[in-house]
Amino acid sequence: MTYSEASMDSLRQTGDELADAVVATLFERGEVGTFNSLMRYVSTAGTPLPDGLPEVAREYLQATSVPPAWVDWGEMEKARLFFIDNNVHISTALSFAAMPACYVVPHVAKLLSATHGLNYPSKRMAETGQFTVYLMQPDAFEAGGRFIPAAQKVRLLHASIRHHLKRENRWDSEAHGTPICQEDMIGGQLFFSLLVLDSLHRLGIHMSTEGAEAYYYAWRVVGAILGVDQDAVPRTLEEARQFQDLYMLRHMGPSDEGAHLTRQLIDLYEEVVPGTFFAPIVSALVRYLIGDTCADWLRVPRTAWDSVVKTAPTLLGVLETIEDRSPLGAWALDRLGHLTTIFELSSLTRGRVMHYAIPEQLKKDYGVTGAVPRTHRWTPPAPTVTP
């Protein structure tokens, strides 16, 4: 599959027809509050849908209750094992590379601000972390699993943002296409898959091609469940690379919202890191994983840890050697990784289960108060020729 400016422009005009129709009907009939109240009791797959649930929502939940028929469950199991083996590294990449990458796309930063508000970063990060943990559980797609209900709600959440922004005339669709359009949904899917794999490579993590491809495949399945057009989504890592490079060249740049969201992310994780001495490592990790240009756009501070973080591949290489040579060491490191991930998620959620609800309105202080300014296309600097 080949991507071009024209094909990407076409993807900017399309949202998610199914979810958009459901949300429009819920708002038209005044049933959003009822839906949110009743759906708090539906958190696991296979749970009987509650009485009183709006019929349009019931039909949507039944129609989207199973993953696509084309899913290769062998690949999904490989992806789960890949996650178990690399869970700390993946969590690090998601937090300090994938999320900042979202912020470096100005209109996406605006949308994230509109979704959660500028004052609740822990909720945003907790929802993302919880969603990923649900995905990588052994029973993710089975009765009793939490992933499918979470994905169904997130899909409607995205549709509700489109609904609010269009209805309230707070989005310049002519200049920027549909909010949370297919191009942005595919871009987000790649941030959480391909960019994570790139970050693991930058950290010096040794990955098999089979494991990396399986991890990407799992996020393709996620994209399908969230309403991504499977005729447009990259099928291979090579196609994904082409899409991501073009997407970033088309859109990335500085913005006040992006810098604000990044500052919140850094502050949030500095609270998790024990002791003030180690706190600057958060900024250093972000800068190391996304590069100086993007870090400067997001106003990531430079710290004395910037040089120290560059030794991370060496340290992680030592740990991988222990893991490869000792089954007990491998078990201990995997267990430590699991506990670290759970501790991080617990710190962000403060022990609560995050609920994905349809917002009944977007508050005016959410940062989307007008059209998103068009940013100039970023051009890579010309290589320096050394005589």
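Let's start in a loop: Ile-180 sits in the stretch between helix 10 (173–176) and helix 11. Its backbone has a positive phi of about 50 degrees, although Ile-180 is not a glycine. Keep in mind that this is a predicted model. As background, most residues other than glycine have a negative phi. Ile-180 counts as buried because its relative accessibility is 11%, and the cut-off for buried is under 20%.

Arg-299 makes a handy companion. Its phi is near 60 degrees, again a positive value in a residue other than glycine. Arg-299 is also found in a loop, the one between helix 17 (292–297) and helix 18 (305–309). Is Arg-299 buried or exposed? Arg-299 counts as exposed, because its relative accessibility is 54% and the cut-off for exposed is over 50%.

**The overall picture**

Stepping back, the protein has 20 helices and zero strands. It is 387 residues in length, and 56% of them count as buried. If you take the contacts between residues at least 6 apart in sequence, 79% join residues at least 24 apart. The protein exposes about 17,900 Å², with carbon and sulfur atoms supplying 56% of that area.

**Polar residues tucked into helices**

Now for three residues with polar or charged side chains. Each row gives the helix and the relative accessibility.

| Residue | Helix | Relative accessibility |
|---|---|---|
| Gln-189 | helix 11 (residues 182–191) | 5%, buried |
| Gln-244 | helix 14 (residues 237–251) | 7%, buried |
| Glu-75 | helix 5 (residues 73–85) | 18%, buried |

What does each one touch once residues up to four places away in sequence are set aside? Gln-189 touches Tyr-216, Trp-219, Arg-220, Gly-223, Val-228 and Val-233. For a sense of spacing, Gln-189 and Val-221 are 32 residues apart in sequence, with their C-alpha atoms 10.0 Å apart in space. Gln-244 is in contact with Leu-190, Phe-191, Leu-194, Leu-195 and Asp-198. Glu-75 has contacts with Glu-213, Ala-214 and Tyr-217.

**The nonpolar cores**

In soluble globular proteins, nonpolar side chains tend to be buried together. Here the largest nonpolar core has 92 residues. Which residues have the most contacts inside that core? They are Phe-131, Phe-141, Phe-147 and Phe-191. A second, separate core is made of 18 residues, including Val-23, Val-42, Val-56 and Tyr-60.

Phe-191 is worth a click in the viewer. Beyond its neighbours up to four places away in sequence, Phe-191 touches Ala-98, Ala-101, Cys-102, Val-105, Val-196, Gln-244, Tyr-247 and Met-248. Gln-244 turns up in that list, and Phe-191 likewise appears among the contacts of Gln-244.

**Rings and charges**

The structure holds nine aromatic pairs. One of them is Phe-243 with Tyr-247: the ring centres are 6.3 Å apart and the planes lie at 20 degrees, so the pair is stacked. Why are Phe-243 and Tyr-247 separated by about one helical turn? Because they are four residues apart in helix 14. Phe-243 and Tyr-247 are both buried. Ring pairs also tie these two into a cluster with Tyr-3 and Phe-191.

Two arginines sit over aromatic rings. The charged end of Arg-167 is over the ring of Phe-27, at 5.6 Å from its centre. Arg-202 lies over the face of Tyr-288, and there the distance to the ring centre is 4.3 Å.

**A look at helix 3**

One last stop is helix 3, which spans residues 32–39. Which of its residues are buried? They are Val-32, Phe-35, Asn-36, Leu-38 and Met-39. What covers them includes helix 2 (17–28), helix 4 (55–63) and helix 9 (147–167).

Definitions and conventions: Residues are numbered from 1 along each chain as its sequence is written. This is a predicted model: local features need pLDDT of at least 70, side-chain atom pairs count only at pLDDT 80 or more; totals for chains, interfaces and linings use all residues. Side-chain values use heavy atoms; hydrogens and water are left out. Buried means under 20% relative accessible area, exposed over 50%, partly exposed in between (1.4 Å probe, protein chains only). Helices (H or I, at least four residues) and strands (E, at least two) are DSSP runs, numbered from the N terminus. Contact means heavy atoms within 4.5 Å. Accessible areas come from the Shrake-Rupley method with a 1.4 Å probe; for residues, only the protein chains shown count as cover. A nonpolar core is a set of buried Ala, Val, Leu, Ile, Met, Phe, Trp, Tyr and Cys residues joined through side-chain atoms within 4.5 Å. Rings of Phe, Tyr and Trp (its six-membered ring) pair if their centres lie within 6.5 Å; planes under 30 degrees apart count as stacked, over 60 as edge-to-face and the rest as tilted. A charge sits over a ring if NZ of Lys or CZ of Arg is within 6 Å of the ring centre and within 35 degrees of the ring normal.
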